[in-house]
Amino acid sequence: MRINKYLAAAGLGARRKCEDLVTAGRVTINDVVVRELGTQVQPTDKVAVDGKEVQVDGSFVYIMLNKPRGYITSARDERGRKTVFDLVPSDVRLFAVGRLDYETEGLLLLTNDGEFTRKITHPRSGVEKTYIVITDKPVTKSHLKILEAGVEIDGELTHPAKVQNDGAPNIFRLVITQGRNRQVRRMFAALGYEVMNLKRTAVGEFQLGDLATGKWKFIEA
């Protein structure tokens, strides 16, 4: 965890104030003064401000998972379906940052940091989410323009999107900034198309890259 975030989690104030503590040379890690805001705090480190040790109640964890199809993002399911938490063993109680539906695969973030979750998922944040979409038939140019401008779902237009053909007339790279329930599938369905395969490849700055399906890794946030 970055030092300014650690101090904020320990109750030293907003992150900006905590950054000032660091740059002023008032913070030590293992009795060594640190001034770099990018300094990482390890679970075994001793952190002090003005010589007084500070601690947080547990560390925040950030995980990127390449979710396979056939898993839900809830912690448990009354129908007995597999959940993403079956794939990520952890002693820390994690929760999903947003959702991917049962048939959708790709990038899913897991954490125990509520502030991080709010930053990623709140509509005002405008965090971009990138998907690769395969439809049952080619999408017309006029319908692509509608997708970009906004599609009416339940009487409300979706926010403008970015749509780019990805090698075939029925394969697209779609970027949206909302997270309405099954939004991508419903956007295409409203125009008469069925989504045959849907994969999320990025959420904001986080890129799925070459992470294999069903695998996960720790990330910095």
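The following exchange goes through named features of a predicted model and asks what earns each of them its name.

Me: What should I know about how this model is read?
Reply: The model is predicted, so local features need pLDDT of at least 70 and side-chain atom pairs count only at pLDDT 80 or more, while totals for chains, interfaces and linings use all residues. Residues are numbered from 1 along each chain as its sequence is written, and side-chain values use heavy atoms, with hydrogens and water left out.

Me: What makes β11 and β12 a pair of strands?
Reply: Strands are DSSP runs of E with at least two residues, and helices are runs of H or I with at least four, both numbered from the N terminus; two strands pair if DSSP finds at least two bridges between them. Strand β11 (residues 162-168) and strand β12 (residues 171-176) are joined by 5 bridges and run antiparallel, so they meet the requirement of at least two. Q164 stands opposite R173 in β12, and a hairpin joins β11 to β12 through 2 residues.

Me: Why are β2 and β4 said to stand at the edges?
Reply: An open sheet of 4 strands has the order β2-β1-β3-β4, with antiparallel pairing. In that sheet β2 (32-33) and β4 (52-54) each have a single partner strand, so one side of each is left without a neighbour in the sheet. For β4, 3 bridges join it to strand β3 (residues 47-49), and the bridge partner of V47 is V54 in β4.

Me: Why is the pair of F116 and F206 called edge-to-face?
Reply: Rings of Phe, Tyr and Trp (its six-membered ring) pair if their centres lie within 6.5 Å, and planes under 30 degrees apart count as stacked, over 60 as edge-to-face and the rest as tilted. The structure holds 4 aromatic pairs, and in the one formed by F116 and F206 the centres are 6.0 Å apart with 75° between the planes, so the distance and the angle both satisfy the rule for edge-to-face. F116 lies in helix α3 (residues 114-121) and F206 in strand β14 (residues 206-207), so the pair ties together parts that are 90 residues apart in sequence. Together with Y62, F116 and F206 form one aromatic cluster.

Me: How do you know whether F116 and F206 are buried or exposed?
Reply: Buried means under 20% relative accessible area, exposed over 50%, and partly exposed in between (1.4 Å probe, protein chains only). F116 has a relative accessible area of 5% and is therefore buried, and F206, at 8% relative accessibility, also counts as buried.

Me: What makes the pair of F172 and F188 tilted?
Reply: The rings of F172 and F188 are 6.4 Å apart, centre to centre, with 35° between the planes, an angle that falls in neither the stacked nor the edge-to-face range and is therefore tilted. F172 lies in strand β12 and F188 in helix α5 (residues 183-189), so the pair ties together parts that are 16 residues apart in sequence. Both F172 and F188 are buried.

Me: Why is the contact between D113 and K5 called a salt bridge?
Reply: A salt bridge is a side-chain nitrogen of Lys or Arg within 4 Å of a carboxyl oxygen of Asp or Glu. The side chains of D113 and K5 meet at 2.7 Å, N to O, so the pair falls within that limit. D113 is in the loop between β7 (105-111) and α3, and K5 is in helix α1 (residues 3-9), 108 residues apart, and both residues are buried.

Me: How do you know that R182 and D101 form a salt bridge?
Reply: Their closest N and O atoms are 3.4 Å apart, so this pair too is within the 4 Å limit. R182 lies in the loop between β12 and α5 and D101 in the loop between β6 (95-97) and β7, so the pair ties together parts that are 81 residues apart in sequence. At 42% relative accessibility R182 counts as partly exposed, whereas D101, with a relative accessible area of 18%, is buried.
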